[in-house]
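Trainee: Could you show me how to read a helix in a model?
Mentor: Sure, pull it up and we'll go through it together.

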Amino acid sequence: QVAETLERLYPERIEDQLGLLAHHWEQAGDAERALPYLRQAGEQAAARYANAEAVAYFSRALNLLPEDCLEERLALLLAREDIHHLQGARDAQLQEVVAALDDESVRVIVNLRRARYASRTGDDSLCDSLLQEILPMIERLPNVGDRAWSYLESGYLLGYPTTAGREHLEKAVQLARAAELKEIEAESLRELGMALFVQEAPEQAILCLERGLQLSHEIGNRKLEGMIYGIQTVILTDIGNNDAEAQRYVELAIRLNREVGFRSDEGHAIQRQAEIHYHQGAYAAALHCVQHALTFAYEVQSLDLEFFALLSANRVFGDLGQYAEAIAYYERVLHDVRETGNPAMALTALFFVGLYAHYLGDNARGQACGQEGLRIASALGEENLGAWMIIGHALTGLGPVSYTHLRAHETVLDLVCRL
């Protein structure tokens, strides 16, 4: 057979012939010998970010693997789900995460992936429900790698502003460092850096990110590098005193995320580029980036990317005083989100349409937007969003208010709603 001949004559070249060997063993009908090559070929393709090729290899391996080989099937499903997550292929991702074994370790890992999917697609109630089930199990996981990864993932899902989220991320860093799991440590440092930044500890955040970037270089993980450069861009943009350095970081983030096919983070990096253009007063360039980021948001079904892109557009329109243009822009957005049944984004669009209508003296229209927004917020059980909208409209009676002013009132109101 061809495969046997290749293995015998060129053993030193097997790593370069994984796909070919897998093909010949498949053609020979020998699934047992084809499977290891398919799995290795998939891992090799994933390592060089040939995402479509990796999915194809993992899928071929799954087709050959008997249904009762549960652990091996799960490993292949999770490997394929990771790639669907990178690509923003949410429907395919959902199909992967429904697979599970009757084992606590696997249940935690699979349900964390289900929670991640729910979070990315706006199903917060499912995400919260899954987390409540999972959190008490994490410390009992026997494998330190599974435990560190679970603290990392749950820390992200608990939220950057929360103490519990930060503590889970710190635990992930500690476990990964002690076990010399550099990839998990680097990922945990990336998320911890973002949490510290959100919790107003930028110096500590920068230290975490620099260490995470160093580890990413050491292990050759370009995906992580791109993600960390993106977060560093966020911090520099917020500080607002080094647009040149922020531009360098965001260009690196865009390039690296594009190379590895990480569509969601490429979109986020483009949105951050819009913020840099805004700070530089390059409004046309900022709006161009916003439109580009929104294209990514719709493609990968990322609500948070869509939300931040819309906020960037709002800042540009507000500074230019182009309120009629802003209304037309957000009415198009509102039409799109109504078509797709996205109530959270409908709230955002309604808020801005109503806000700019007030600026133009069309108070009846503003009131109608506020009332529709309150009905949506009430149906979602998000009273603070509806109240934020009321406060935003009330503030416009004092004249145009800044984005910072509105966010400050939103923050105060959120705290009041938690009392």
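**Reading helix α12**

Mentor: In α12, the buried residues are Ala-205, Cys-208, Leu-209, Gly-212, Leu-213, Leu-215 and Ser-216. They share one side of α12, because their arc around the axis is only 165°. Keep in mind that this is a predicted model.

Trainee: What does the face of α12 turned away from the buried side carry?
Mentor: That face has the exposed residues Glu-203 and Leu-207.

Trainee: And what covers the buried residues of α12?
Mentor: The cover includes α11 (182-198) and α13 (222-239). Take Ile-228, which lies in helix α13. Leaving aside neighbours within four places in sequence, Ile-228 is in contact with Arg-190, Leu-209, Gly-212, Leu-213 and Ser-216.

Trainee: Is Ile-228 buried or exposed?
Mentor: Buried means under 20% relative accessible area. Ile-228 has 0%, so it counts as buried.

Trainee: How far does α12 reach from its first C-alpha to its last?
Mentor: Helix α12 runs over residues 202-219, 18 residues in total, and reaches 26 Å, close to the 26 Å expected at 1.5 Å a residue. Gly-220 follows α12, with a positive phi near 70°.

Trainee: Let's try a charged side chain. Why does Glu-153 count as buried?
Mentor: Use that cut-off again: under 20% is buried. Glu-153 counts as buried because its relative accessibility is 8%. Glu-153 lies in helix α9 (residues 144-158). Not counting residues up to four places away in sequence, Glu-153 touches Leu-112 and Arg-116.

Conventions
Residues are numbered from 1 along each chain as its sequence is written. This is a predicted model: local features need pLDDT of at least 70, side-chain atom pairs count only at pLDDT 80 or more; totals for chains, interfaces and linings use all residues. Side-chain values use heavy atoms; hydrogens and water are left out. Helices (H or I, at least four residues) and strands (E, at least two) are DSSP runs, numbered from the N terminus. The expected span of a helix is 1.5 Å times one less than its number of residues. Buried means under 20% relative accessible area, exposed over 50%, partly exposed in between (1.4 Å probe, protein chains only). The arc is that of the directions from the helix axis to the C-beta atoms. Contact means heavy atoms within 4.5 Å.
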